[in-house]
Every structure is written in C-alpha cells, then in structure tokens.
Amino acid sequence: MPHAKFITVDSKETTKVPYSLDTETVRVGKDLRAAWQRLEDRSYWHALVKLNNPAMIASHCTIDWKSGDETLNPDLTINVQKGMYPKELDGKIPTQEVNDKLRMDKYSILPFVPNDDYCSGVDPDFTVMFIPGTCVYTPEMQKLFCIEGEQETLNPLAPRPIDFNYQEALKRIADAIKDTETDYLKEYNTDVLKALKPTAKFYPTLWDNMFTGSVIAPTTTLKPDLASLLKSAKEAGKNLGGVFKSTAPIYYAQGVASNSLTEPLRVHILPRRNDVLGVPNPPGVWPLEEYKRTFKIQPLPVADRFGYTTLFRAWMQPTVTLLPEPLSAKPLRQMIYMAGGVNVILTLPVPIPVPVPAPILIKEFAAGLPYVGVKARFTWENAAEGYEVPGVNGKPIIDYPIQ
C-alpha cells in the first residue's frame, strides 16, 4: 500500500500513513460542510420558533418544511498562506486562503434541516407577547383613526401593536442561543467526528488532538495534469525571477537537487533555515522547493517524481462570529416576530375587520445571531520532501500498519 512518511523534529520517529483518494477527501469535506450547515440552519430556525412560540410550533413543528437541498462538494483548492514559507518569498509565491465555504449553499425562506433538528426542546409558551392595534377606514379606504402604540413594524399598512413584550422577545432569542452553544454544539462535534472517520479510501492521522492540532491525510488522485505542472514551473521562474527564470523548468523536470544543472543554485540557500530533520540547509533549492506549495494535486507517481505531497488537513478552530456570515444572506436570516393588527372597514350594515400582518424586527440581531464555539475547518496543502507540514504541532498519534 503506498504511504507517506512523516518525521517529527523532537523524536526523529517516522510515522507511515497510507495515501487517501482525493475523491474521498472531497467527500469528507462535503460531510464537514453538511455538519456546519446543519448547525447554522438549525440554530436560526430554533431561535425563530422560540421567538414566535406558540404560533410557529403549530406551523413549523407539526409540518416539516425541509427543503431537501443537497450539500455541494467543496472545491479541491490548494491552500497557500503566509507563514507556510520564509518571509523572503512574500510577494513571490501566490497565496490562496482556505476555501472550505463553511456556509449554506443557498439561503432561503425554507429550512435546510428537518423540523426535528430545531423543534426539539421547545414547549408551548402562551405568554402574551403583544396587543394588536386597530385602524378604522371608510369604504373608500380613507383612514379615519387608529388605536395603536409606538412599536415600529415592517408593514406600514398595518396598525402598530398597542403593546409588545420586547424584553421577552430578547429573552427567548437568548435562550435559543444558549441551546446552540450547548446541545447543538455537542451534536456538531459528533457530526464532525463521523465525517472524519477512517474508511477504505480515507486514512487520516491525528497530530495531538482536534483542539490543538490537525487531522492529516496524504492525498493522491488518479487524474494526471501535466500541463498544470509545466505552467507552475514557468510561473515559478517568472515570480522568483533572477537565475530561477531559466532554471526552474529544468529543476522541476529533473526533480533532483544534485543534478549538475541545478547544483550551483544552492548558493541561494537561506541561512539558518532548518528542515524537519534539523539539517541546517533544507533539501534541494529552497525557493523552488517552497514554490511546490502552489502545485496542483497529481497522481502518486507524478507527485513523487516532482518531490511533493498533497495533504488534506482538518482542524477545530475557535470561532466568535455572527451567523450568517455572508452580508448578502443577512436579510434572509432576521429575527422577526410575527405580530398582527386589524384594519376595520366601515361598510354597511356590518363593518369588516381585516387582519393584517405587522412583523416586528428584533434589531439587536439584525447583524446575525452570535455564535461562540468551534468550527471544523478543512483544506488541501502541499509539502515538499523534507519540508514542514503546515498547521501541525507535536507529533502524529496514529501509525497505520503498512501491508
């Protein structure tokens, strides 16, 4: 079974980890996205149901409005960030932020999750939340007078409520947020562990633990893309400049640092930079080796020939944010209490009462619901042979038996 070797700085011990298929790591990324989407969606609908209790218990907890949208696969994007390489290469290596897209694929007026996910633990609460206002109109729809209060609503055609229990509304939302930070967060962690469970095509290894380290899986693909390697070699020469402009394509094509055409380049070694083995000078020509962090994933024979490994990495990131995070999604995720009013039309012989919605926006949460917890991030990264694996500390825990 093909495997990657990792050597820790402190113990010099070797950990062997089998390669995982890229399609399987994409599946894991999809499951991690689904876990976050479940947490984000259920936290919003739980808060909205609690706010509009008991009306939404009847409308959303007895009928399942699950939209049935399927979580999309994440893009297999190679992450390259400052800090992965020496500062001397800042501006010369193109960077790429983590692209795990931990958000809903689509924000809509329907839940993504089933109602069991957000209705559990919500008991009917018959606290009087508002007293509806009334406006009186002539048959020609000219307003005569209103009996209403000062509470603003989102419907200018509706009378304002005579009274609205705003403090109770804030309390209900706060209670829902606590549910997210306790019960829902525990279930989210369970979903994350399920997503990262080893399979016949996915072999993760753990560095320390999920809260101080990362889960790493060396990754390969079955589809070669030699054109991208040629393109990357040319880009390396162009971006690094100087002598590398002409030698980079030759260096990558030959794949060995001891070749007579590339050996003179070792004068460019970065002083006092150690590799994972503690050797004062890292293997090969370090600027060209570091540039491999930008290469696309390749089949194992190709990647081995060019001297780098692609790694799938997942980690738990402490997060303080407002959900939803995209600005464009915030109007669709507001905390709105569905109050109502009555417009009375003075027709003969009997006046006609017309109920009208008078939704009330809870402005304290207009920017989103606060979330304090963890978020399972994931990405794909490259490491050249003998160079540091990004984002890990300590040493690997799991050592797979190699067949």
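**Strands, salt bridges and a nonpolar patch**

The protein has 8 helices and 15 strands. What we are looking at is a predicted model, so everything below was computed from its atoms. Of the 403 residues, 50% count as buried. The protein exposes about 19,700 Å², and carbon and sulfur atoms supply 59% of that area. As for who touches whom, take the contacts between residues at least 6 apart in sequence: 76% of these join residues at least 24 apart.

One sheet makes a good starting point. Here 4 strands form an open sheet in the order 6-5-12-13, and the pairing is mixed. The edges belong to strand 6 and strand 13 (352-357), each of which pairs on one side only. On average, neighbouring strands of this sheet are turned by 20° against each other, ignoring direction.

The mix shows up in the partners of strand 5. Strand 5 (residues 134-137) pairs with strand 6 in the antiparallel sense, over 4 bridges. With strand 12 (residues 340-345), strand 5 pairs in the parallel sense, also over 4 bridges. Thr134 is a handy residue to follow here: its bridge partner in strand 6 is Ile147, while in strand 12 its bridge partner is Val342. Strands 5 and 6 also form a hairpin, with 5 residues between them. In the turn of that hairpin sits Met141, which has a positive phi of about 65°.

Strand 6 turns up again on the surface. A nonpolar patch there is formed by Val128, Ile131, Leu144, Phe145, Ile147, Ile162 and Leu346, and together these residues have about 640 Å² of accessible area. The largest share of the patch, 3 residues, comes from strand 6 (residues 143-147). Ile147, the bridge partner of Thr134 in strand 6, is one of the patch residues. Leu144, another patch member, lies in strand 6 too. How exposed is Leu144? Its relative accessible area is 47%, so Leu144 counts as partly exposed.

Now for the charged side chains. Side chains of opposite charge can pair when their charged atoms come close. A search of the whole structure finds 23 salt bridges, and a few of them are worth a visit.

Start with Glu24 and Arg27, whose side chains meet in a salt bridge at 2.8 Å, N to O. Why are these two about one helical turn from each other? They are 3 residues apart in helix 1 (residues 22-51), so about one turn separates them. The two partners are not equally covered: Glu24 is buried, with a relative accessible area of 14%, whereas Arg27, at 24%, counts as partly exposed.

Helix 4 has a similar local pair. Asp175 and Lys171 meet through their side chains in a salt bridge at 3.1 Å, N to O. Both lie in helix 4, 4 residues apart, which is about one turn of the helix. Asp175 is partly exposed, with a relative accessible area of 24%, and Lys171 is also partly exposed, at 46%.

A third salt bridge reaches between helices. The side chains of Lys50 and Asp179 meet at 3.1 Å, N to O. Lys50 lies in helix 1 and Asp179 in helix 4 (residues 166-195), so this pair ties together parts that are 129 residues apart in sequence. Are Lys50 and Asp179 buried or exposed? Both of them are buried. Salt bridges can also link up beyond a single pair: Arg38, Arg42, Asp117, Glu187 and Asp191 are linked in a network of them.

Last stop: Tyr291, found in helix 7 (residues 286-291). With a relative accessible area of 0%, Tyr291 is buried. Which residues does Tyr291 touch, leaving aside those up to four places away in sequence? The list is Lys92, Ile93, Pro94, Ser232, Glu235, Ala236, Asn239, Leu240 and Tyr252. Lys92 on that list is far off along the chain: Tyr291 and Lys92 are 199 residues apart, yet their C-alpha atoms are separated by 8.9 Å.

Methods: Residues numbered from 1 in each chain as written. Predicted model: local features only at pLDDT ≥ 70, side-chain atom pairs only at ≥ 80, totals over all residues. Heavy atoms only, no water. Patch = residues over 30% accessible without salt bridge, like charges linked within 9 Å, V, L, I, M, F, W, Y side chains within 5 Å. Areas by Shrake-Rupley, 256 points an atom, 1.4 Å probe, with all protein chains shown as cover. Salt bridge = Lys/Arg side-chain N within 4 Å of Asp/Glu carboxyl O. Buried < 20%, exposed > 50% of the residue type's maximum accessible area, 1.4 Å probe, protein only. Pairing = 2+ DSSP bridges. Axes fitted to C-alpha atoms, helices over the stretch in contact; angles between N-to-C directions. Contact = heavy atoms within 4.5 Å.
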